[in-house]
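Colleague: Got a minute to walk me through this one? I'd like to poke at it with a few questions.

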Amino acid sequence: MVAVGLCEDDPQVRRVVVEALGAVDLDVVVAHRAAEAVREFTPESGLRALVLDIGLPDGDGRDLCQALRASGVTAPVLFLTARGGVHEVVAGFGAGGDDYLVKPFAVAELQARVTALVRRAPAPSTDERTLRLDPERYSVRHGDAEERLTPTEFRLLATLLARPGEVVRRRELIAAAWPVGAVVQANTLDSYMRRIRRILEQVGSEERLHTARGVGFRLG
């Protein structure tokens, strides 16, 4: 049976989602908190789609999504949330989400959206990641070393880690790390990147942050 992941802290919503997806032959792996999802929803877990609440008790579901992407999880993500404003939806896609469904929702629509995501799920990543992001502590770990991050640093580093070896354009980094409509100066982004370089050195990572002048940044 195809497995999908669900991170939702509301027991009633969890029950509805598990029953709805089970009715279309999907096995649901449940996490109640962001920290639990980071442990359970790994690239090796074989999950073909993820359903994430945004308002989790120990973090923001969008930060959880970014942490999972940074760890190599490629499964499509559906955000299931009561936050239906345009800015919230745009922020969800900017965080690496693939679809968005607002509570209260129709069970048939949930089933259709998740099965569609499962059909187009890419092959799981086989890359081993030595850097791990913690969306509860807003930190990055490398071996036994850990450094705390600001939320903005967390989101920038997560975006880079999700696309190793690829140049991520400046506008994409800004969209992932700042609220919709925020005016971010070029030197502000550059300042954050200098701080991320120092953090990578402090945890002893072999990863290096490279600048593609006038375009963006690449981690590798």
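Modeller: Sure, here come some questions and answers on this predicted model.

Colleague: Which residues does UniProt give to the "Response regulatory" domain?

Modeller: In the model, that span is 43% helix and 23% strand, and its end C-alpha atoms lie 9 Å apart. The label comes from an unreviewed UniProt entry, which places the domain at residues 3–118.

Colleague: What is the handedness of the crossover from strand 6 to strand 7?

Modeller: Start with the pairing: strand 6 (residues 77–81) and strand 7 (residues 99–102) run in the parallel sense over 4 bridges. T81 stands opposite V102 in strand 7. Between the two strands the chain goes through helix 4 (residues 86–94), and this β-α-β crossover is right-handed.

Colleague: Is L80 buried or exposed, and what is its relative accessible area?

Modeller: L80 lies in strand 6. Leaving out residues up to four places away in sequence, L80 touches V13, V17, V51, L52, D53, I54, L101, K103 and F105. The cut-off for buried is under 20%, and L80 counts as buried because its relative accessible area is 0%.

Colleague: How many residues does the largest nonpolar core have?

Modeller: Nonpolar side chains tend to be buried together in soluble globular proteins. Here, helix 3 (61–70), strand 8 (131–134), helix 6 (151–161), helix 7 (170–177), helix 8 (186–202) and strand 13 (216–219) each give two or more residues to the largest core. Those with the most contacts inside this core are L133, V140, L156, L157, L160, L173 and M193. The count for the core is 28 residues.

Colleague: And how many residues are in the second, separate core?

Modeller: Its members include A3, C65, F79 and Y100. The total for that second core is 19 residues.

Colleague: How many residues of helix 6 are buried?

Modeller: Take L156, which touches L173, A177, W178, L189, Y192, M193 and I196, not counting residues up to four places away in sequence. L156 is on the buried list for helix 6, along with T152, E153, F154, L157, A158, T159, L160 and L161. So helix 6 is mostly covered, given the buried cut-off of under 20%, with a tally of 9 of its 11 residues.

Colleague: Last one: what is the relative accessible area of S205?

Modeller: S205 is found in the loop between helix 8 and strand 12 (209–212). Not counting residues up to four places away in sequence, S205 touches L131, H142 and L200. S205 is buried, because its relative accessible area is 3%.

Note on methods:
Residues are numbered from 1 along each chain as its sequence is written. This is a predicted model: local features need pLDDT of at least 70, side-chain atom pairs count only at pLDDT 80 or more; totals for chains, interfaces and linings use all residues. Side-chain values use heavy atoms; hydrogens and water are left out. UniProt positions are given in the numbering used here, feature names are shortened, and annotations may be inferred rather than shown by experiment. Two strands pair if DSSP finds at least two bridges between them. A crossover is right-handed if, with the strands pointing away from the viewer, the path from the first strand over the helix to the second runs clockwise. A nonpolar core is a set of buried Ala, Val, Leu, Ile, Met, Phe, Trp, Tyr and Cys residues joined through side-chain atoms within 4.5 Å. Buried means under 20% relative accessible area, exposed over 50%, partly exposed in between (1.4 Å probe, protein chains only). Contact means heavy atoms within 4.5 Å.
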